[in-house]
Amino acid sequence: MRLMSGSDHRGPWLILPATLLLILLLACRAHGEDIFLQWDVAVDTSIRPASVDQPVITINGMFPGPLINATTNDVVHVNVVNHMDEALLITWNGIQQRRNSWQDGVSGTNCPIQPFTNWTYVFQLKDQIGTFSYFPSINFLKAGGGFGPIRVHHRPVIQVPYLKPEAEFDLLIGDWYETSYKDLRSTLSSNLMAAYNSTPDKVLMNGKGSYRDPLTKAYESFTVKPGKTYLIRISNVGSAWSLNFLIQNHRMVLVETEGSYTNAITLDSLDVHVGQSYSVLVTADQATSDYYMVATPKLVNVTDMTKFGIGVLHYDSSTTAAGGPLPIGPDPFDIELSINQANSIRWNLTTGAARPNPQGSFNVHNVTLSQTFILSASTAEIDGTPKFTVNNVSYLTPDTPLKLADHLVNGSGVYELDEFSTNSTIVKPERGVFVASGIHKGWIELVFHNDLDVMDSWHLDGFGFFVVGYGRGKWRPKSRSTYNLYDPVVRSTVQVYPRGWSAAYAYLDNPGMWNLRSQQLKNWYLGEELYVRVYDADPNPEKERPSPDNILLCGKFAPPTPPSAPSAPPPKTSSAPSSQITAAGSHIAIICIVATFIQTSRRSFNF
């Protein structure tokens with residue numbers, strides 16, 4: 001008698017478990033855990049990060065703010081209670097808010113959280129991994145703090161292109177002003193010299209001053225074990241300065257930037273521009289001692305090392321303090337060297353990221369462009385006040401968020417779509433609500449011109465873009481011949497060198513109202529931004545999510561009565577994803593366990 005093959009002996013009774021398994025596994029992939037965070041945002045004058053009295057914005061009494069520690073597809077609920085005396089919004093730098101620009105936390109998408117009220121953000125970390133940050137997005141508040149780190153870990157089923165590190169560290173580096181952010185804000189709005197020429201006073205590491213500054217109350221220190229490898233997640237959360245980061249006598253292996261795994265490259269130092277994030281591996285392979293960690297400004301003549309960001313890499317059991325001369329990094333004015341490093345950061349085409357399929361399966365080798373934006377950043381004096389401009393338009397923030405106006409009156413009376421050109425500069429500078437159409441599911445080429453003598457960096461909410469090229473002087477159509485279309489890295493913030501250009505491609509598959517801005521804080525505050533409206537006429541909520549149930553109204557839709565007192569916050573819980581599961585999250589977890597059990601049983605019995 002012939003033995004039946006596997007395909008012959010499977011009966012109908014196996015079809016149901018197999019189908020159920022597929023459904024369960026899809027459910028596990030679609031929804032992670034629910035993370036609930038309670039954030040009390042307030043001003044503290046006792047922290048003194050620059051050793052002077054000044055207001056500092058804290059979250060739950062912390063500066064920098066608490067870590068958001070999550071995994072791909074987790075849903076994050078952040079109840080923000082505003083204890084300050086002015087309005088607040090927080091944006092999630094690099095988090096794409098898939099189909100959900102309602103949660104982006106910028107002036108074009110959200111009504112601000114008024115003083116002594118609260119609002120809850122709810123967003124999913126859909127199909128993302130990597131290192132990111134958050135910060136206040138309005139009223140120049142970022143210069144006062146309120147920023148913090150975001151980690152998005154890969155799902156266990158995804159292989160990462162490096163061995164698991166011994167531990168991870170979050171390192172927020174950034175410039176800092178000794179002046180109160182309120183005073184600085186007032187000065188920037190009226191004083192031409194201050195608006196264009198004011199510079200920060202020093203660099204902080206995780207909100208702490210320099211190890212070499214005798215006035216510093218505390219400095220940053222990471223403790224490591226000899227022979228072990230660590231992942232350091234670095235973000236530049238500053239306002240103006242690009243920074244070069246290095247660790248004395250240690251090399252770094254760059255492995256990730258803003259949600260993309262890179263080809264592993266070994267570096268002595270790394271340029272981190274405003275708004276950018278990286279992950280590097282560092283092995284404690286030197287003699288047991290303490291070593292300097294140093295962040296120094298680029299394109300800035302700063303010789304006072306108390307102004308540098310200086311911390312310590314401390315070897316466990318070390319009794320030798322970091323000492324001697326600081327390690328010397330690259331020439332801070334060598335732009336070509338910086339561009340060469342930027343060009344060496346390439347996308348890892350073969351590894352998976354948030355999904356199992358290789359990153360390189362979605363690429364720009366042979367795309368057809370639907371649009372080109374050529375955006376020139378400059379300065380202008382408009383009605384006697386200093387402004388930064390895009391194509392000679394300085395953004396004028398309306399009282400009514402663009403997304404809210406879109407939702408309720410199709411934008412009428414708030415903005416005029418495509419009023420300003422996205423590829424040419426108007427003759428006379430003016431202020432206006434700059435909103436441009438982005439073609440849904442079309443490829444856009446973004447060319448950023450920097451007409452100034454200082455660094456700039458540009459960010460696009462809602463997307464990762466492929467950084468295809470950098471250049472000096474003016475961009476021309478023939479500049480496309482220099483593009484890297486094979487393995488350009490995908491990220492959300494790109495630096496633009498003085499009197500130079502940067503180019504990026506983006507696939508506009510995420511409907512919504514998306515902020516396109518300078519990450520230089522004073523540039524952003526004084527008008528260097530616009531919005532890209534990516535519209536899909538299909539009302540299916542699978543294409544774009546409807547407005548949230550707790551939507552705030554303001555501007556022309558402001559309610560006639562004052563807002564009620566803050567609602568009772570949810571129970572306070574740890575920020576670790578594993579301990580923050582709602583009933584829905586628990587159900588999903590149980591489903592995943594059942595699915596895994598069924599899958600394991602099928603393998604054991606050769607189903």
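**Strand pairing, packing and side-chain contacts in the predicted model**

In the pairing of strand S1 with strand S2, Val-43 stands opposite Ile-57 of S2. The structure described here is a predicted model. Strand S1 (residues 34-44) and strand S2 (residues 56-59) run antiparallel and are joined by four bridges. S1 is also joined to strand S4 (residues 75-82), in this case by eight bridges and with the two strands running parallel. Within the pairing of S1 and S4, the residue opposite Trp-39 is Val-80 of S4.

Trp-39 also belongs to an aromatic cluster, whose other members are Trp-92, Trp-119, Tyr-121, Phe-123 and Tyr-134. One of these members, Trp-92, lies in strand S5 (residues 90-93), a strand that is covered on both faces. Ile-90 and Trp-92 are buried on one side of S5, and Thr-91 and Asn-93 are buried on the other. S5 runs antiparallel to strand S7 (residues 130-136), and four bridges join the two. In S7, Ser-133 is the residue that stands opposite Asn-93.

The loop that follows S5 takes part in a disulfide. The structure holds one such bond, which joins Cys-111 to Cys-554 with an S to S distance of 2.1 Å. The angle about the S-S bond is -85°, and the link is left-handed. Cys-111 is located in the loop between S5 and strand S6 (118-124), and Cys-554 in the loop between S32 and helix H8 (583-604), so the bond ties together parts of the chain that are 443 residues apart in sequence. Cys-111 and Cys-554 are both buried.

Aromatic pairs number 31 in the model. In the pair formed by Tyr-162 and Tyr-261, the ring centres are 6.2 Å apart and the planes stand at 75°; the pair is therefore edge-to-face, since planes over 60 degrees apart are counted in that class. The two residues come from distant parts of the chain, 99 residues apart. Tyr-162 is in the loop between strand S8 (148-153) and strand S9 (167-176), whereas Tyr-261 is in strand S15 (residues 260-267). Both side chains fall below the 20% limit for burial: the relative accessible area is 17% for Tyr-162 and 3% for Tyr-261.

An open sheet is formed by five strands in the order S11-S19-S18-S13-S16, with mixed pairing. Its edges are strand S11 (221-224) and strand S16 (269-272), each of which pairs on one side only. From one strand to the next, the twist averages 20°. Within this sheet, strand S13 (residues 243-247) and strand S18 (residues 290-297) run antiparallel and are joined by five bridges. Ile-247 has Met-293 of S18 as its bridge partner.

Another open sheet of five strands has the order S24-S32-S31-S26-S29, and its pairing is likewise mixed. The edge positions are taken by S24 and strand S29 (493-496), which each pair on one side only. Neighbouring strands of this sheet are turned against each other by 25° on average, with direction ignored. S31 and S32 are paired in the antiparallel sense over six bridges, and Leu-516 stands opposite Leu-530 of S32. Helix H6 packs on the sheet through contacts with S24, S31 and S32, and its direction makes about 160° with that of S31.

H6 spans residues 402-409, and its buried residues are Leu-402, Lys-403, Leu-404, Ala-405 and Asp-406. The cover over these buried residues includes strand S22 (393-395), strand S24 (435-438), strand S31 (512-518) and strand S32 (529-534). Asn-410, just after H6, takes a positive phi of about 55°.

Two arginines are placed over aromatic rings. Arg-517 lies over the face of Trp-524, at 4.4 Å from the ring centre. Arg-533 has its charged end over the ring of Tyr-535, at 4.5 Å from the centre.

Methods
Residues are numbered from 1 along each chain as its sequence is written. This is a predicted model: local features need pLDDT of at least 70, side-chain atom pairs count only at pLDDT 80 or more; totals for chains, interfaces and linings use all residues. Side-chain values use heavy atoms; hydrogens and water are left out. Buried means under 20% relative accessible area, exposed over 50%, partly exposed in between (1.4 Å probe, protein chains only). Contact means heavy atoms within 4.5 Å. Two strands pair if DSSP finds at least two bridges between them. Axes are lines fitted to C-alpha atoms, for helices over the stretch in contact, and angles run from 0 to 180 degrees between N-to-C directions. Rings of Phe, Tyr and Trp (its six-membered ring) pair if their centres lie within 6.5 Å; planes under 30 degrees apart count as stacked, over 60 as edge-to-face and the rest as tilted. A charge sits over a ring if NZ of Lys or CZ of Arg is within 6 Å of the ring centre and within 35 degrees of the ring normal. A disulfide is a pair of cysteine sulfur atoms within 2.5 Å.
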